[in-house]
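Biologist: I am new to this structure and would like a close look at a single part, the places where charged side chains pair, with enough of the surroundings for me to find my way. Please take it slowly and connect each residue to what lies around it.

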Amino acid sequence: MSKYDDIINLKRPESRHIPMSITNRAAQFAPFSALTGYDEAIRETSRITSEKHELSDGKIEIINNRLNEIKNKGIKRVKITYFVKDKFKSGGEYITEEVEIKKIDSYNEKLVCLKLNISFDDILEIDLI
């Protein structure tokens with residue numbers, strides 16, 4: 001007779017705890033980032049911005065003529081390319097989108113649209129739709 005004969009045929013004890021889900025268990029072994037925010041800082045540094053183009057007098061005249069045409073004919077929708085300054089870095093990006101014009105504010109030199117105001121200086125191109 002061995003010293004374990006009294007327990008050898010007993011059922012395995014069951015835990016009273018609820019088993020952890022596989023997702024939560026896997027989260028325990030997820031990679032650890034010792035430098036909080038480091039990945040975001042690297043991504044922000046590597047993000048490329050472009051510089052604002054200096055427009056020629058001819059291009060400025062074309063834009064002014066388009067703005068006058070929009071104002072005189074009461075055109076409400078245009079496709080416009082304009083510069084948006086970056087909030088964190090020098091430079092920015094050019095965005096092209098269709099906008100609905102509410103009015104042309106000649107005094108403040110802004111194109112007032114439904115969702116945004118665009119400075120005349122930031123406009124690169126206006127196409128009538």
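Modeller: A salt bridge, as the term is used here, is a side-chain nitrogen of Lys or Arg within 4 Å of a carboxyl oxygen of Asp or Glu. Please keep in mind throughout that this is a predicted model. Side chains of opposite charge can pair when their charged atoms come close. A search of the whole structure finds eight salt bridges, and I will begin with those that involve R47.

E44 forms a salt bridge with R47, and the closest N and O atoms of this pair are 2.5 Å apart. R47 also meets D86 in a salt bridge between their side chains, again given as 2.5 Å from N to O. D86 lies in the loop between β1 and β2, while R47 lies in the loop between α2 (38-46) and α3, so this pair ties together parts of the chain that are 39 residues apart in sequence. Taken together, E44, R47 and D86 are linked in a network of salt bridges.

The members of this network can also be described by how much of their surface is accessible. Buried means under 20% relative accessible area, and exposed means over 50%, with partly exposed in between. D86, with a relative accessibility of 14%, therefore counts as buried. R47 counts as partly exposed because its relative accessibility is 30%, and E44 is partly exposed as well, with a relative accessible area of 27%.

It is worth staying with D86 a little longer, since several of its contacts can be listed. The loop that holds D86 runs between β1 (77-85) and β2 (92-105). The side chains of D86 and R47 are also joined by a polar contact of 2.5 Å, and a polar atom of the D86 side chain lies 2.8 Å from the backbone nitrogen of F88. If residues up to four places away in sequence are set aside, D86 touches R47, T49, G91 and G92.

From D86 one can step back along the chain to V84, which lies in strand β1. V84 has a relative accessibility of 32% and for that reason counts as partly exposed. Beyond the residues up to four places away in sequence, V84 touches G92, E93 and I95; G92 is thus also among the residues touched by D86. V84 and E100 are 16 residues apart in sequence, and their C-alpha atoms are 18 Å apart in space.

A separate salt bridge joins the side chains of E125 and K59, where the N to O distance is 3.7 Å. E125 lies in strand β5 (residues 123-128) and K59 in helix α3, so this pair ties together parts that are 66 residues apart in sequence. E125 is partly exposed, with a relative accessible area of 33%, and K59 is partly exposed at 26%.

Just ahead of strand β5, D122 is found in the loop between β4 (117-119) and β5. D122 has a relative accessible area of 22% and is therefore partly exposed. Leaving out residues up to four places away in sequence, D122 touches K52, T81, Y82, F83 and Y94. D122 and I75 are 47 residues apart along the chain, and their C-alpha atoms are separated by 20 Å.

Helix α3, which holds K59, brings us to the largest pocket. Helix α3 (residues 57-73) gives the most to the lining of this pocket, with three residues. The pocket has a volume of about 250 Å³, and its lining consists of K52, H53, E54, L55, I60, I63, N64, E109, F120, D121 and I123. By class, this lining has five nonpolar, two polar and four charged residues. K52, which is touched by D122, is one of the lining residues.

E109, another of the lining residues, is found in the loop between β2 and β3 (110-113). The phi angle of E109 is near 55°, which is a positive value in a residue other than glycine. E109 counts as partly exposed because its relative accessibility is 42%.

Technical notes
Residues numbered from 1 in each chain as written. Predicted model: local features only at pLDDT ≥ 70, side-chain atom pairs only at ≥ 80, totals over all residues. Heavy atoms only, no water. 1 Å grid on protein atoms, 1.4 Å probe; cavity = no way out; pocket = protein on both sides within 12 Å on 5 of 7 lines; lining within 4 Å. Points joined across faces, edges and corners; volume = space filled by probe spheres on them. Helix = DSSP H or I, 4+ residues; strand = E, 2+ residues; numbered from the N terminus. Nonpolar A, V, L, I, M, F, W, Y, C, P; charged D, E, K, R; others polar. Buried < 20%, exposed > 50% of the residue type's maximum accessible area, 1.4 Å probe, protein only. Polar contact = N/O pair within 3.5 Å; in protein donor to acceptor, adjacent residues only side chain to side chain. Contact = heavy atoms within 4.5 Å.
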